[in-house]
Amino acid sequence: MSENKNIEQHYSLDERPFLEKVRGFCQLVEDRYSPYLTDFLNPREIQIVEDLANYYHLKFFVSSNLETEEYRRVIIAPDYYELSDDDFEIKRLEVSYARQFNTLTHPKVLGTLINQLGLERQVFGDIIINDDGRIQFSIASHLANYAIMTIKKIGNVSVTLKEVSEGNWITNQENYSHSFVLLSSMRLDNVLATVLNLSRSRALKLISSGKVKLNYRQVEKADQLITIGDMISVRGFGRFRLAEQEGFSKSGKAKVTINSMLRRRKK
């Protein structure tokens, strides 16, 4: 029991259920002495799995080390295990449609995949849309044919899905803009208002309505303290990271570098 408490103290209350799930994965690996493959996980979840794998002295492998890919699958394994890329059981599908006449968005594609297929978000990887409107997404391999046979329309746009080989994968394209802000407080509401140039009341409304995520977890506490390295995403605004603090101004405000990440969209 004391060991469990020692682990748990490093995680927030809302992360405890996932922590328990990962502890179960590790126990399965130890009991069966065989590897365990997770669903697609976000970066924070991947970090928790890595922490627990190290705690239990198990091997840890992630399906991609590309910084532009967020959702990835993880393998937890005993010490004898040797990795093969096929063990991640991932296929990449491309959405073919009349790109010259139609525009498809990330939310529209994701909504179609979840609603038409009746599947959870965790069986899909990143949905990638490049400047030319090409769309690809990763999916658990055992569901690829089901998706190909089922998805014929996204919204009102007729589409076909096809598998693409790794040599033809496209990658996320993101614009990184760097700016400096002066923060009088590291509270979430103040950071949002300052970085996004919003009123404090607008920032509070975004938080209370569940539109703000901190390190991929929804947060509804306006007084949540933010630290350097944290990623904040706001529905409708994009996302940004507090990259570095460069001391304080004469008035005592923190001088912070902000990296804003916005996906390029076809114009």
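Start the tour at the second largest pocket of this predicted model, where the space comes to about 600 Å³. To bring this pocket into view, select Ser63, Asp85, Ile90, Glu166 and Trp169, which, of the 27 residues that line the second largest pocket, lie nearest its centre.

Next, colour the strands β4 (90–96), β5 (124–129) and β9 (160–164), since each of these supplies at least two residues of the pocket lining. If you then colour the lining by residue class, you will find 11 nonpolar residues, seven polar ones and nine that are charged.

From the pocket, move to strand β3, which covers residues 72–77, and select arginine 73, which has its place in that strand. Is arginine 73 paired in a salt bridge or without one? Arginine 73 is buried and yet has no salt bridge; show aspartate 39 as well, and you will have the nearest side chain of opposite charge, at 4.3 Å, whereas a salt bridge would need the side-chain nitrogen to be within 4 Å of a carboxyl oxygen. Now add the backbone of phenylalanine 88 to the selection, for the side chain of arginine 73 reaches the backbone oxygen of this residue at 3.2 Å.

Finally, zoom out and display the whole chain as a cartoon, in which seven helices and 15 strands can be traced. Taken along the principal axes, the C-alpha atoms of the chain fill a box of roughly 60 × 60 × 30 Å. Colouring by accessibility closes the tour: of the 267 residues in the chain, 41% count as buried, and arginine 73 is itself a buried residue.

How values were computed:
Residues are numbered from 1 along each chain as its sequence is written. This is a predicted model: local features need pLDDT of at least 70, side-chain atom pairs count only at pLDDT 80 or more; totals for chains, interfaces and linings use all residues. Side-chain values use heavy atoms; hydrogens and water are left out. On a 1 Å grid over the protein atoms alone, a cavity is a set of points where a 1.4 Å probe fits but cannot get out, and a pocket is an open set with protein on both sides within 12 Å along at least five of seven lines; lining residues have an atom within 4 Å of a point. Grid points are joined across faces, edges and corners, and a volume is the space filled by probe spheres set on the points. Helices (H or I, at least four residues) and strands (E, at least two) are DSSP runs, numbered from the N terminus. Ala, Val, Leu, Ile, Met, Phe, Trp, Tyr, Cys and Pro count as nonpolar, Asp, Glu, Lys and Arg as charged, and the others, Gly among them, as polar. Buried means under 20% relative accessible area, exposed over 50%, partly exposed in between (1.4 Å probe, protein chains only). Lys and Arg count as positive and Asp and Glu as negative; His and the chain ends are not counted. A polar contact is a pair of N or O atoms within 3.5 Å; within protein, one must be able to donate a hydrogen and the other to accept it, and residues adjacent in sequence count only if both atoms are side-chain atoms.
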